[in-house]
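Dear colleague,

I am passing on the structure below, and after it you will find my notes on what turned up when I went through it. Please read them with the model open beside you.

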Amino acid sequence: MANETDVPELWTPAQTAEYLHTTESALRVRRYRRSGPPWVKAGVRVFYRADEVVAWLRRGGEAA
């Protein structure tokens with residue numbers, strides 16, 4: 001089993017939107033256009049890996 005510290009923190013769309021000072025709706029549009037931060041699906045739920053969101057933002061928010 002992986003060490004708990006090796007597992008990336010997952011953010012909900014609401015948490016990600018708050019961090020990026022945007023809305024969940026705007027994130028939904030970016031997912032559709034494939035222009036936002038990388039995301040993963042678990043069943044029907046969408047999550048963002050915190051470290052990938054920060055890396056995406058540091059790159060200037062370019063398409064994933």
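Leaving aside its neighbours within four places in sequence, Thr16 is in contact with Trp11, Leu27, Tyr48 and Val53. Please bear in mind throughout that this is a predicted model. Thr16 belongs to helix α1, which covers residues 13-20, and with a relative accessibility of 0% it counts as buried, because the limit for that class is under 20%.

One of those partners, Leu27, has contacts of its own that are worth following: with neighbours within four places in sequence again left out, Leu27 touches Pro13, Thr16, Ala17, Leu20, Thr22, Pro37 and Tyr48.

Turning to the sheet, three strands form an open arrangement in the order β1-β3-β2, with antiparallel pairing. The edges are taken by β1 (10-11) and β2 (40-42), each of which has a single partner strand, so one side of each is left without a neighbour in the sheet. Strand β1 is joined to β3 (residues 45-49) by two bridges, the two strands running antiparallel, and the partner of Trp11 in β3 is Tyr48. Trp11 and Tyr48, which are thus bridge partners, are also both among the residues that Thr16 contacts.

Helix α3, which spans residues 50-58, lies across β1 and β3 and runs at about 60° to β3.

How do α1 and α3 stand to each other, and at what angle do their axes cross? Two packed helices are described by the angle between their axes and the distance between the axes. Here the axes of α1 and α3 come within 12 Å and cross at roughly 30°, which makes α1 roughly parallel to α3, since angles under 35 degrees are classed in that way. The crossing of the two helices is right-handed, and the contact is made by Thr16, Tyr19 and Leu20 on the α1 side and by Val53, Val54, Trp56 and Leu57 on the α3 side.

Finally, the largest nonpolar core consists of nine residues, namely Trp11, Ala17, Leu20, Leu27, Val46, Tyr48, Ala50, Val53 and Trp56. The elements that contribute two or more residues to this core are α1, β3 and α3, and the most comes from α3, with three residues. Of the core residues, Leu20, Val53 and Trp56 also take part in the contact between α1 and α3, while Leu27, itself a member of the core, has Ala17, Leu20 and Tyr48 among its contacts.

With best regards

Key. Residues are numbered from 1 along each chain as its sequence is written. This is a predicted model: local features need pLDDT of at least 70, side-chain atom pairs count only at pLDDT 80 or more; totals for chains, interfaces and linings use all residues. Side-chain values use heavy atoms; hydrogens and water are left out. Helices (H or I, at least four residues) and strands (E, at least two) are DSSP runs, numbered from the N terminus. Buried means under 20% relative accessible area, exposed over 50%, partly exposed in between (1.4 Å probe, protein chains only). Contact means heavy atoms within 4.5 Å. Two strands pair if DSSP finds at least two bridges between them. Axes are lines fitted to C-alpha atoms, for helices over the stretch in contact, and angles run from 0 to 180 degrees between N-to-C directions. A nonpolar core is a set of buried Ala, Val, Leu, Ile, Met, Phe, Trp, Tyr and Cys residues joined through side-chain atoms within 4.5 Å. Angles under 35 degrees count as roughly parallel, over 145 as roughly antiparallel, 65 to 115 as roughly perpendicular and the rest as oblique. A crossing is left-handed if the near helix is turned anticlockwise from the far one by less than a right angle, and right-handed if clockwise.
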